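Thanks for agreeing to look at this one with me. My notes are below, as numbered points you can check by eye.

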Amino acid sequence: MLMRTDPFRDLDRLAQQVFGTSARPAVMPMDAWRVGDEFVVEFDLPGIDPDTLDLDIERNMLTVRAERPGLDQNREMIAAERSRGVFTRQLFLGDNLDTEQIRADYTDGVLRLSIPVAEQAKPRKIEIARGNGHKKAINA
């Protein structure tokens with residue numbers, strides 16, 4: 001059987017496995033969802049020392065930084081597939097989130113961020129004055 005190989009396709013496939021793609025990063029995968037008045041974001045960071053985790057926020061840009069130490073050079077490695085070094089991921093947080101009240105927890109290799117919706121972004125009622133002096137509240 002004759003098989004045709006494309007070295008560029010093989011190189012592209014390898015690069016996607018190692019570095020991920022823009023749609024699916026290989027190093028710091030995350031899930032995000034909304035629960036009531038709060039957004040939750042979870043990052044998979046197994047094997048990361050919590051002391052190397054760093055969260056920074058500047059304006060509405062949240063930066064997550066983590067570091068997995070390099071391999072012990074005295075070991076004879078049989079397989080080394082886990083990414084090592086410094087990993088960063090940035091998230092743009094909309095103006096509707098309260099960046100002053102972010103809570104973070106790192107348990108069992110998962111970094112969980114809870115970001116509340118800002119008060120000014122929550123639905124509220126607005127009173128409308130009528131010409132006859134009566135007021136009626138409607139949802140905004």
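1. How much area does the protein chain expose, and what percentage of it do carbon and sulfur atoms supply? The exposed area is about 11,100 Å², and carbon and sulfur atoms supply 49% of it. Areas here come from the Shrake-Rupley method with a 1.4 Å probe, and for residues only the protein chains shown count as cover.

2. A word on the basis: this is a predicted model, in which local features need pLDDT of at least 70, side-chain atom pairs count only at pLDDT 80 or more, and totals for chains, interfaces and linings use all residues. Residues are numbered from 1 along each chain as its sequence is written, and side-chain values use heavy atoms, with hydrogens and water left out.

3. The protein chain has 1 helix and 9 strands, and along the sequence the pattern reads α-β-β-β-β-β-β-β-β-β. Both are DSSP runs numbered from the N terminus: helices are H or I with at least four residues, strands E with at least two.

4. An open sheet is built from 4 strands in the order β1-β2-β7-β6, with antiparallel pairing; two strands pair if DSSP finds at least two bridges between them. At the edges sit β1 (30-35) and β6 (103-107), each pairing on one side only.

5. For a closer look, take β1 with β2 (residues 38-44): they pair in the antiparallel sense over 6 bridges. Alanine 32 has valine 41 in β2 as its bridge partner.

6. Of the 140 residues in the protein chain, 19% count as buried, meaning under 20% relative accessible area (1.4 Å probe, protein chains only).

Methods: Buried means under 20% relative accessible area, exposed over 50%, partly exposed in between (1.4 Å probe, protein chains only).
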